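Have the sequence and the model side by side for this walk through the helices. The route starts at one helix and what surrounds it, then turns to the cores, the charged pairs and the cysteines.

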Amino acid sequence: MIYSEENPMIFKATMSQAYEAAGQTMTKEQLDERYETMMSQWEDLYQENFDRLIRQWTEKTGQSMIDGMTRGHLMTLSQQMATDEIQELWLDPLTQDVIQAQLDEDEEEPSSLKVLNSTDLWMTQWHLLPEGGPTFELACELWPDKPTRWLSIASALMQVCDYQGKLYPHSLESKLLPEFEKKIDHAATRK
């Protein structure tokens, strides 16, 4: 056995975390069984890689005896190659599951970037944009008597306008105030 429980090439905890992140639950016994299968496969791959590297080195140099330093280098290289192959076979598919799940979730719930790029998502998804900050402070100055939810929606609209390079009110004298108030009032009535 090339690897040991004290010094594995891939830790069981790493495998457990990958399955958990991918939303796949399993018992300790199932995890132990899969881990043993994976590490058995790792040993086979290590041996195949090591034998191939020895053969290639022998063919290239014409020598049948390998010094200790070269042998150690070829062993390390074989271990890394086997680890890379195991990660590709066992862990990368789980990573792809995690990435796909995240993409699916992002499609279901718009991100703040989607809100900023949209012309109307701010009306219903205003809570996805950062709270507080300069646009919220400006909203508080422009509409000091409005409730916090209304001010948060106003801040979201201003963030969207700022991101998209559109004009929005910066002072009480702005001619944009009535139009903005109307849009914010409309959005505040939505759930």
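The buried residues of α8 pack against α5, α6 and α7. This is a predicted model, and α8 is a convenient place to enter it. The helix has 12 residues and spans 16 Å from its first C-alpha to its last, close to the 16 Å expected at 1.5 Å a residue. Its buried residues are L177, F180, I184 and A187. Viewed down the axis of α8, the buried residues fall within an arc of 95°, so they line one face of the helix. The face turned away from that buried side carries P178 and K182, which are exposed.

I184 shows what the buried side meets. Leaving aside residues up to four places away in sequence, I184 touches W122, W143, W150, I153, A154 and L157.

In soluble globular proteins, nonpolar side chains tend to be buried together. Here the largest nonpolar core has 25 residues, and those touching the most other members are W122, W143, A154, M158, F180 and I184. Two or more residues come from each of α4 (112-117), α5 (122-125), α6 (133-142), α7 (148-164) and α8 (177-188). The biggest contribution is that of α7, with 9 residues. A second, separate core has 23 residues, among them Y35, L45, I86 and L91.

Side chains of opposite charge can pair when their charged atoms come close. The whole structure holds 3 salt bridges. In one of them, K12 pairs with D32, with the closest N and O atoms 2.9 Å apart. This pair links distant parts of the chain, since K12 is in α1 (residues 12-21) and D32 is in α2 (residues 28-61), 20 residues apart. D32 also forms a salt bridge with K28, at 3.0 Å between the closest N and O atoms. K28 and D32 both belong to α2 and are 4 residues apart, about one turn of the helix. K12, K28 and D32 are thus linked in a network of salt bridges. K28 is exposed at 56% relative accessibility, whereas D32 is partly exposed at 22%.

Back in α8, K183 forms a salt bridge with E179, the closest N and O atoms being 3.5 Å apart. These two residues are 4 residues apart in the helix, so about one helical turn separates them.

What of the cysteines: how many disulfides does a search of the whole structure find? The search finds 0. The sulfur of C140 has its closest cysteine sulfur in C161, 17 Å away, which is too far for a bond. C161 is buried, at 8% relative accessibility, while C140 is partly exposed at 29%.

How values were computed. Residues are numbered from 1 along each chain as its sequence is written. This is a predicted model: local features need pLDDT of at least 70, side-chain atom pairs count only at pLDDT 80 or more; totals for chains, interfaces and linings use all residues. Side-chain values use heavy atoms; hydrogens and water are left out. A nonpolar core is a set of buried Ala, Val, Leu, Ile, Met, Phe, Trp, Tyr and Cys residues joined through side-chain atoms within 4.5 Å. Buried means under 20% relative accessible area, exposed over 50%, partly exposed in between (1.4 Å probe, protein chains only). Contact means heavy atoms within 4.5 Å. A disulfide is a pair of cysteine sulfur atoms within 2.5 Å. The expected span of a helix is 1.5 Å times one less than its number of residues. The arc is that of the directions from the helix axis to the C-beta atoms. A salt bridge is a side-chain nitrogen of Lys or Arg within 4 Å of a carboxyl oxygen of Asp or Glu.
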